Amino acid sequence: MTFHVAGRLRGLPQPATIAMSTRARELRAEGADVISLALGEPDFPSPPEAVEAAAAAGRAGDTRYPPIGGQPALKAAIVDKFRRQNRLDFTPEQILVANGGKQVIFNAFMATLEPGDEVIVPAPYWVSYPIIARMMGGVPVEVPCHEASGFRLRPVALRAAITPRTRWLVLNFPNNPSGAIMERADLEAIADVLRDAPHVWVLADEIYEHLTFDGRKHVSLAAVAPDLAGRILTMNGMAKAYAMTGWRVGFAGGPLPLIKAMTSVQSNATSGVCTLAQAGAVAALGSPFERVETMRATYQARRDRVVAALRALDGLTCARPDGAFYAYPGISGVIGKTSARGRLMASDLDFAEALLEEAHVATVPGAAFGMSPHIRLSFAASDAQLDEACRRIADFVRTLR
Ligand SMILES: Cc1ncc(COP(=O)(O)O)c(C=O)c1O
């Protein structure tokens, strides 16, 4: 008997982020000294207040099924966070707590997409948006955001991509993988385009909002254009700013009918998020914000180190990321060259594979994010690791012929 895979799963790509870190693990198991800059995971501990609150919740017997959409205390903390940090007003009923930001996206697309509905995904993009859209029968429509325009979404490009079938626009700034942000004026111009397209909803993934550099600040689209708030889902989570990836707590605020439909999806999938993790999230949101600021400043210093090292290399270009914790250098200058071990660099996939196999540095090829030829390096790693990785990359690039 052959195993039947449902049509909705056929042809979906394996995220290259996972493929590269898996290969890095294999090489390590064989004894190689691999530096992995492939995963987007903070290298800081979670806030001690969160750990303590989760343990206390367990001891106090907070171990029963939680409400599907989130514990009242966490919803209240999120309402407060949106009001203080984003100038967004939601009632607790307009908040959904999910198993990570990823489940917010899953719920939203499952709750709204009909077969053939289009989801505009500015490229480069985080790998999961087009995959989840396709799982739900949607059609991802990529809109390139070029390095020359700072990887920002240009209003003309957005306007050209909108059709009568467009259901969603995904806006992820600060962006994974490019580190680009959208400033107020950029968002105002995007809002103008959206005003002419009342059938288009916006998923604003703001999970990197606190990780911005050089004094730049993230602004929420729903705050810039309150008249559009009725069709904006603002998504965030504990993973990146609070270094709480393993806790699986994401959340969103949005229009009530959408939140209700998403809650119904979640009710039939995972139910409410782990009670202990929710208690930890409440404590983290109330913990001293200086800790987030310290991590942000550390990422900024690392960014400067990595960008300077990469810019010194012939054949590579490197835009300075304004946020998140990734560099996204362009590698068009090395395409067509051959490595010391005879590998032809026909694409960024070849480059990333050769860099891993020959120099033992794991990165992710830009093809995974819909914009080539680039590679993505995470600078959520120690200075020593970053310096050593950059030295290896430099040696590798120098030996290309
Ligand atoms: C842009 C973006 N959105 C959402 C997520 C998902 O975060 P979570 O761990 O909360 O599911 C990630 C994680 O890498 C991300 O990079």
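## A helix over two strands

Helix H12, spanning residues 348-359, lies across S11 and S12, and its direction makes an angle of about 40° with S12. Keep in mind that this is a predicted model.

## The sheet underneath the names

So where do S11 and S12 belong? They sit in an open sheet of 3 strands, ordered S9-S12-S11, and the pairing is antiparallel. Strand S9 (326-327) and strand S11 (364-365) are the edge strands: each has a single partner strand, so one side of each is left without a neighbour in the sheet.

Zooming in on one pairing, S11 and strand S12 (residues 375-378) run antiparallel and are joined over 2 bridges. If you want a spot to click on, try Pro365, which stands opposite Ile375 in S12.

## Around the ligand

Now for the ligand. Which residues come nearest to it? There are 14 residues around the ligand, and the nearest of them are Gly101, Asn176, Asp205, Lys240 and Arg248.

Three of these names come with distances to look up. Gly101 uses its backbone: an N or O atom there lies 2.7 Å from an oxygen atom of the ligand. With Asn176 the side chain is involved, where an N or O atom is 2.8 Å from a ligand oxygen atom. Asp205 also brings in its side chain, with an N or O atom 2.5 Å from a nitrogen atom of the ligand. As for how much of the ligand is covered, the protein takes up 92% of the 400 Å² of accessible area that the ligand has on its own.

Methods. Residues numbered from 1 in each chain as written. Predicted model: local features only at pLDDT ≥ 70, side-chain atom pairs only at ≥ 80, totals over all residues. Heavy atoms only, no water. Pairing = 2+ DSSP bridges. Helix = DSSP H or I, 4+ residues; strand = E, 2+ residues; numbered from the N terminus. Contact = heavy atoms within 4.5 Å. Axes fitted to C-alpha atoms, helices over the stretch in contact; angles between N-to-C directions. Near = heavy atom within 4 Å. Polar contact = N/O pair within 3.5 Å; in protein donor to acceptor, adjacent residues only side chain to side chain. Areas by Shrake-Rupley, 256 points an atom, 1.4 Å probe, with all protein chains shown as cover.
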